[in-house]
Amino acid sequence: MKKFASFAIIFMILAVSVSVTANMIANKDFSFDPENFEAAVSENLPFRDSVSDLMGRIRYFSGVRHFGDIYIGTDGSLLKDIEEPTSRIFSAAKSYITGYAEKNQIKPYFMLVPTAAAVLQQEIDDYAAEEIYNQRIMINKMYSQFEGKVRTTDVYQTMFDHRNEYIYYHTEDSPTALGGYYIYSELCDRLDIPMNTMDSFSAVYAAHGFYGSLANDFFLPYASADFITLYEYTGEKCSFNVKHIYPDKTSSIDCLFIYDGSVLENKLDMLLGEHSPITEITRTEGASTTGSILIFGDSTAQSWLPFLAANYLRITFVDLDEASYSLLNNIVTEEYDHVLFAYSTASFSSGINFANLEYIG
């Protein structure tokens with residue numbers, strides 16, 4: 001019976017393939033492209049999802065490692081390519097950020113963090129790597145837009161230098177905590193604040209066998225499991241409070257980490273707790289450091305914010321895409337010593353609502 005079913009599936013695929021090919025020829029549209037042809041065939045099958053999955057696996061076993069915008073690395077990494085930002089995205093970032101700097105008489109810092117697809121290209125073959133969007137050029141283009149009005153922080157090179165280490169998750173488009181430390185080290189140099197060396201932190205391996213959002217049903221068999229490490233500051237006795245602020249509620253934890261990942265829908269929230277419109281991190285004990293910083297960014301900052309927390313009495317982290325007018329209007333730029341814009345190239349290329357900067361009080 002199983003053999004009959006297999007032959008039936010093969011026969012149906014062949015029959016539909018012949019039909020699709022005939023239609024292409026009839027319509028004089030016979031420019032053969034494997035991915036488009038696969039899509040055309042699968043759309044004509046009554047159980048197209050299963051067949052599409054089957055055809056994808058056949059492509060994998062034939063040596064293909066590129067599926068849509070995901071590349072499967074030799075180490076089991078799922079490397080997600082990004083789209084080239086439009087000129088409108090570059091212009092909006094330049095206009096609103098420089099306008100914000102002029103309005104508040106402060107020169108902010110700006111940082112773009114490359115994704116794994118830009119740094120770990122040794123995990124895919126040279127031909128496939130050539131197809132990936134060049135994030136280095138994108139970063140340089142954005143940095144050149146600011147013309148001395150904004151101080152830029154380049155982390156591309158340090159991430160590339162450490163590419164053979166576990167600096168990106170295999171199944172989540174985000175730096176690991178170790179990758180976050182290298183980002184933190186570059187920030188310290190640029191912000192001119194003391195950097196805590198790695199021996200100032202104690203590593204806690206908090207979650208094993210973790211699979212992130214990129215490991216869907218198709219990619220899961222080819223992906224390597226991740227683990228989550230929490231780096232506790234041990235340089236001196238201190239404690240922290242992390243407050244998550246929403247328009248209608250607040251929640252808080254009296255530490256930088258949630259150690260029981262089983263209570264979380266997203267295990268990456270073990271670092272600082274959930275991603276909220278505004279997150280306030282305050283140092284409540286052992287405060288030998290001073291100063292405050294206002295940061296506009298995305299969820300990938302969870303990788304490096306816990307390190308930076310040891311350097312400031314107060315950190316206010318803002319997601320411009322999620323924060324409401326009323327929340328933004330309560331932020332006073334003059335209360336902070338530093339202002340930083342920090343985004344992954346992936347979220348930046350999708351477009352950030354920098355227009356909301358006009359609501360900052």
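T158 is a good place to start: with a relative accessible area of 11%, this residue is buried, since anything under 20% counts as such. Keep in mind that the model you are looking at is predicted. T158 sits in helix α8, which covers residues 156-161. Leaving aside residues up to four places away in sequence, T158 touches Y182 and E186.

**The chain as a whole**

Stepping back, the chain has 361 residues, and buried ones make up 52% of them. Its secondary structure comes to twelve helices and 13 strands. Take the contacts between residues at least 6 apart in sequence: 71% of these join residues at least 24 apart.

**Two helices side by side**

Now find helix α4 (residues 87-104) and helix α7 (residues 135-144). They pack at an angle of about 35°, and their axes are 10 Å apart. The crossing of α4 past α7 is right-handed. On the α4 side the contact is made by F90, A93 and K94, while α7 brings M138, K141 and M142. Sorted by kind, the residues of this contact are four nonpolar and two charged, with no polar ones.

**Aromatic rings**

How many aromatic pairs does a search of the whole structure find? The search finds 29. A pair of aromatic rings is described by the distance of the centres and the angle of the planes. Two of the pairs are set out here.

| Pair | Arrangement | Centre to centre | Angle between planes |
|---|---|---|---|
| Y60 and Y222 | stacked | 3.8 Å | 20° |
| F201 and Y233 | tilted | 5.5 Å | 55° |

What does the pair of Y60 and Y222 tie together? Y60 lies in helix α3 (residues 48-61) and Y222 in the loop between β6 (201-210) and β7 (226-233), so the pair connects parts that are 162 residues apart in sequence. Both Y60 and Y222 are buried. Y60 has a charged companion as well: R65 lies over the face of its ring, at 3.8 Å from the ring centre.

The tilted pair also links distant parts of the chain, with F201 in strand β6 and Y233 in strand β7, 32 residues apart. Are these two residues buried or exposed? F201 counts as buried because its relative accessibility is 8%, and Y233 counts as buried at 16%. Both rings belong to a cluster in which ring pairs link Y181, Y182, Y184, F201, Y231, Y233 and F307. Y182 may look familiar, as T158 touches this residue.

**Around Y246**

Our last stop is Y246, in the loop between β8 (239-245) and β9 (250-253). Why does Y246 count as buried? Its relative accessible area is 18%, and the cut-off for buried is under 20%. K249 lies over the face of Y246, at 5.0 Å from the ring centre.

Which residues does Y246 touch, not counting residues up to four places away in sequence? They are E274, H275, S276, P277 and L327. You can also look for S324: its C-alpha atom and that of Y246 are separated by 8.4 Å, although the two residues are 78 residues apart along the chain.

Notes:
Residues numbered from 1 in each chain as written. Predicted model: local features only at pLDDT ≥ 70, side-chain atom pairs only at ≥ 80, totals over all residues. Heavy atoms only, no water. Axes fitted to C-alpha atoms, helices over the stretch in contact; angles between N-to-C directions. Helix = DSSP H or I, 4+ residues; strand = E, 2+ residues; numbered from the N terminus. Left-handed = near helix turned anticlockwise from the far one by under 90°. Contact = heavy atoms within 4.5 Å. Nonpolar A, V, L, I, M, F, W, Y, C, P; charged D, E, K, R; others polar. Phe/Tyr/Trp six-rings, centres within 6.5 Å; stacked < 30°, edge-to-face > 60°. Buried < 20%, exposed > 50% of the residue type's maximum accessible area, 1.4 Å probe, protein only. Lys NZ or Arg CZ within 6 Å of the ring centre and 35° of its normal.
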